[in-house]
Amino acid sequence: MKGEEFDKIAAKVCVIARSRPEDKYAFVVGLRERGNVVAVTGDGTNDAPALSKADVGFAMGIAGTEVAKQAAAIMLMDDNFTSIVAAVKWGRNIYDSIRKFLMFQLTVNVVAVLVTFVSAATTKEAILSAIQMLWINLIMDTLASLALATEPPTEKLLLRKPHPRNSYIVNKKMAKHIIGQSIYQTIIMFIVYFAGTKFLIAEISDSQKQTDSNFVISGLEIDGYDESTQGPSAHLTYCFNIFVMLQIFNFMNARKLEDECNVFEGLVCNSYFTIIVIAIFFLQVIILTIGNIAFRCQMYG
């Protein structure tokens, strides 16, 4: 079949039923040559070439021959067409969950590296201590993966076109959100760190303030300030708490990948996400109230 003839036929065809294996194979090859992502079903031995040539091949687990099962990428155990729909829906949902996790984690990593490096280079004191970074890593890795990977699939996933086979997992929209969120969070952290003594509430005592700058650090180069007797810096406690709160809001933003305006849509459908976010908030409260020694925080309450 010539290319021009195939284009005319393929543009008019919506469903092929009871087709010959040769026709099925010709359609798979023709569609793939034109950049389409192709999935095909089959159960007979003659369907094996088309199943192996397609991007995704579905073989029937009950009626299918052993040759067809070996050539296919996915085997349907019940030979039910609705299982194909469920496989597509869950496959796209898993792919989106990975992308959500990557978008969240890359943002946190970029901000944490930038603020820690700049703070250590300018004041000889890292904005986040080692134990605080461990808590943030727990949020980034374990809790983030549980929260963002447990989102249930929706019917909207079936309305979306397949991704091109040469597309990157981090697309332009994700890169835009990662860069935008990183810039926003970095600016907030720098304002709080470098100018926080001018607007933070009066929990920061005068003995913690440096006379020749606006920095409030935990005692490395402050005349007359000794952390062992006066406690950790309230300023760095503010910085640590604000950083964690920014990541809670970043959780919400990471749920949407296609520039949706309502980031709270479908939130009640995922109880794990809600529980994890609430758990992070209350654990942060506990850390700030009774974890001052372990987490180098100013104790409140």
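The legends below describe close-up views of a predicted model, taking its pockets, its cavity and one buried glutamine in turn.

**View 1. The largest pocket and its volume in the predicted model.** The space in this largest pocket comes to about 1800 Å³, and 41 residues form the lining around it. Among these 41 residues, Val-37, Val-38, Ala-39, Val-40 and Phe-58 are the ones that lie nearest the centre of the pocket.

**View 2. Secondary-structure elements and residue classes in the lining of the largest pocket.** At least two lining residues come from each of helix H2 (21-33), strand E1 (39-42), strand E2 (56-60) and helix H5 (81-123). The element that gives the most is H5, which contributes eight residues to this lining. By residue class, the lining of the largest pocket holds 25 nonpolar residues, together with seven polar and nine charged ones.

**View 3. The second largest pocket, with Thr-154, Lys-156, Leu-157, Lys-256 and Glu-260 nearest its centre.** The volume computed for this second largest pocket is about 520 Å³, and its lining is made up of 18 residues, including the five named in the title. When the lining residues of the second largest pocket are sorted by class, ten are charged, five are nonpolar and three are polar.

**View 4. The largest cavity, lined by residues that include Met-103, His-177 and Asn-250.** With a threshold of 30 Å³ or more, the count of cavities comes to one, and the space inside the largest cavity is about 50 Å³. Its lining consists of Met-103, Thr-107, His-177, Ile-178, Gln-181, Asn-250, Asn-253 and Ala-254. Three helices, namely H5, helix H7 (172-195) and helix H9 (234-254), each supply at least two residues of this lining. The cavity lining divides into five polar residues and three nonpolar ones, with no charged residue among them. Helix H5 thus appears in two of these views, since it supplies residues to the lining of the largest cavity and also to that of the largest pocket.

**View 5. Gln-132 and its contacts in the predicted model.** Gln-132 is part of helix H6, which spans residues 130-148. Its relative accessible area is 0%, and Gln-132 is therefore classed as buried, the cut-off for that class being under 20%. Leaving aside residues up to four places away in sequence, Gln-132 touches Ile-127, Phe-240, Phe-295, Arg-296 and Cys-297.

Terms used:
Residues numbered from 1 in each chain as written. Predicted model: local features only at pLDDT ≥ 70, side-chain atom pairs only at ≥ 80, totals over all residues. Heavy atoms only, no water. 1 Å grid on protein atoms, 1.4 Å probe; cavity = no way out; pocket = protein on both sides within 12 Å on 5 of 7 lines; lining within 4 Å. Points joined across faces, edges and corners; volume = space filled by probe spheres on them. Helix = DSSP H or I, 4+ residues; strand = E, 2+ residues; numbered from the N terminus. Nonpolar A, V, L, I, M, F, W, Y, C, P; charged D, E, K, R; others polar. Buried < 20%, exposed > 50% of the residue type's maximum accessible area, 1.4 Å probe, protein only. Contact = heavy atoms within 4.5 Å.
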